[in-house]
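The exercises below ask you to read a protein model step by step. Please try each task with the sequence and the structure in view before reading its solution.

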Amino acid sequence: MEGDCLSCMKYLMFLFNFFIFLGGACLLGLGIWVIVDPTGFREIVAANPLLFTGAYIMLAMGAMLFLLGFLGCCGAIRENKCLLLFFFMFILLIFLAELSAAILAFIFRENLTREFFTKELKKHYQRNNDTDVFSSTWNSVMITFACCGVNGPEDFEAIPHLPYSSLEGATPEACCQRELQSREGMFVNKEACLSGMERFQNRQGCYTVILNSFETYVYLAGALAIGVLAIELFAMIFAMCLFRGIQ
């Protein structure tokens, strides 16, 4: 390989690894935000094993890409064949893992439908029983997003009250309007809410509220994931070309 071509390949390799470095930093920052966020999302993540695992996987992937980007930049600038080969094999494994995760997410996307969440809510929700992880998670979601059930308060009509509860209304406390959307927030009018007065209840379903809240971020995350995969693919190609060109 000619010297000029090798030099060009080396700096292109450095550039792509710099983008991997930035992508890893973004994932790392997002993972840390999800875990330590003080606005109530941390509570939900900690209570749900699936979300809890997902947050730490995101954190680990971000840290790994961050490190790989750094190592790739060093390998390209120093023209170290051993480091470049290690980089290629490692990033290939990450690429295949991310691709597999995307395929699995697409295959099991039906588990995120409105009907699925409604069925699970009616089956497992135990109102104000915060010792139950499922119920506590749902209460945190409804309080944080000022929403009620999956579709609205009507989701709770068939759910029985706890044996020690003396309240007659179907609406759980978590659906009542608060001055501040947190567990510490004061109720606007708790008694009126529980007795069925709609103007003191959060009437909109959580499915619609959360979907609207995160719609922009979902597309952004998808675009970022596609971008990271493309950059990783090009980085592998440049790494192998540079590896073959070094004498």
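What follows is a short note on the model and then five exercises with worked solutions.

This is a predicted model, in which local features need pLDDT of at least 70 and side-chain atom pairs count only at pLDDT 80 or more, while totals for chains, interfaces and linings use all residues. Residues are numbered from 1 along each chain as its sequence is written, and side-chain values use heavy atoms, with hydrogens and water left out.

**Exercise 1. The overall fold**

Task: Determine how many helices and strands the chain has, and state what percentage of its residues count as buried.

Solution: Begin with the secondary structure, where helices (H or I, at least four residues) and strands (E, at least two) are DSSP runs numbered from the N terminus. The chain has eight helices and zero strands, so that, by this DSSP definition, the order of elements from the N terminus reads α-α-α-α-α-α-α-α. Next, take burial, for which buried means under 20% relative accessible area, exposed means over 50%, and partly exposed lies in between (1.4 Å probe, protein chains only). Of the 247 residues, 36% count as buried. Finally, consider contacts, meaning heavy atoms within 4.5 Å: of those in the chain with a separation of 6 or more, 69% come from residues 24 or more positions apart.

**Exercise 2. The annotated spans**

Task: Find where UniProt places the feature "transmembrane region", and work out what the chain looks like over residues 12-36 and over residues 84-108.

Solution: The unreviewed UniProt entry places this feature at residues 12-36, 56-77, 84-108 and 217-243; UniProt positions are given in the numbering used here, feature names are shortened, and annotations may be inferred rather than shown by experiment. In the model, residues 12-36 are 100% helix and 0% strand, with end C-alpha atoms 36 Å apart. Residues 84-108 are 96% helix and 0% strand, and their end C-alpha atoms lie 36 Å apart.

**Exercise 3. A nonpolar patch on the surface**

Task: Identify which residues make the nonpolar surface patch, and say which helix gives the largest share of it.

Solution: Patches are made of residues with over 30% relative accessible area and no salt bridge, where like charges are joined within 9 Å and nonpolar side chains (Val, Leu, Ile, Met, Phe, Trp, Tyr) within 5 Å. Accessible areas come from the Shrake-Rupley method with a 1.4 Å probe, and for residues only the protein chains shown count as cover. The patch, of about 680 Å², is made by Tyr11, Leu12, Phe14, Leu15, Phe18, Phe19, Leu22 and Ile77. Helix α1 (residues 3-36) supplies the largest share, seven residues. Ile77 lies in helix α3 (residues 49-78) and is partly exposed, with a relative accessible area of 41%.

**Exercise 4. The disulfides**

Task: Find how many disulfides the whole structure holds, and work out how the bonded cysteines are paired in sequence order.

Solution: A disulfide is a pair of cysteine sulfur atoms within 2.5 Å, and the search finds three.

- Cys147 and Cys206 are joined at an S to S distance of 2.0 Å. Cys147 lies in the loop between α6 (133-145) and α7 (190-194) and Cys206 in helix α8 (residues 206-245), so this pair ties together parts 59 residues apart in sequence. The link is right-handed, with 90° about the S-S bond, and both cysteines are buried.
- Cys148 and Cys175 are also joined at 2.0 Å. Both lie in the loop between α6 and α7, so the pair ties together parts 27 residues apart in sequence. With 90° about the S-S bond, the link is right-handed.
- Cys176 and Cys193 have sulfur atoms 2.0 Å apart, and their link is left-handed, with -90° about the S-S bond.

Numbered in sequence order, the bonded cysteines pair as 1-6, 2-3, 4-5.

**Exercise 5. The salt bridges**

Task: Find which residues form the two salt bridges of the structure.

Solution: A salt bridge is a side-chain nitrogen of Lys or Arg within 4 Å of a carboxyl oxygen of Asp or Glu, and the search finds two. In one, Lys190 pairs with Glu173, the closest N and O atoms being 3.0 Å apart. Lys190 lies in helix α7 and Glu173 in the loop between α6 and α7, so the pair ties together parts 17 residues apart in sequence. In the other, Arg203 pairs with Glu198, with the closest N and O atoms 3.5 Å apart. Arg203 is partly exposed at 37% relative accessibility, and Glu198 is partly exposed at 49%.
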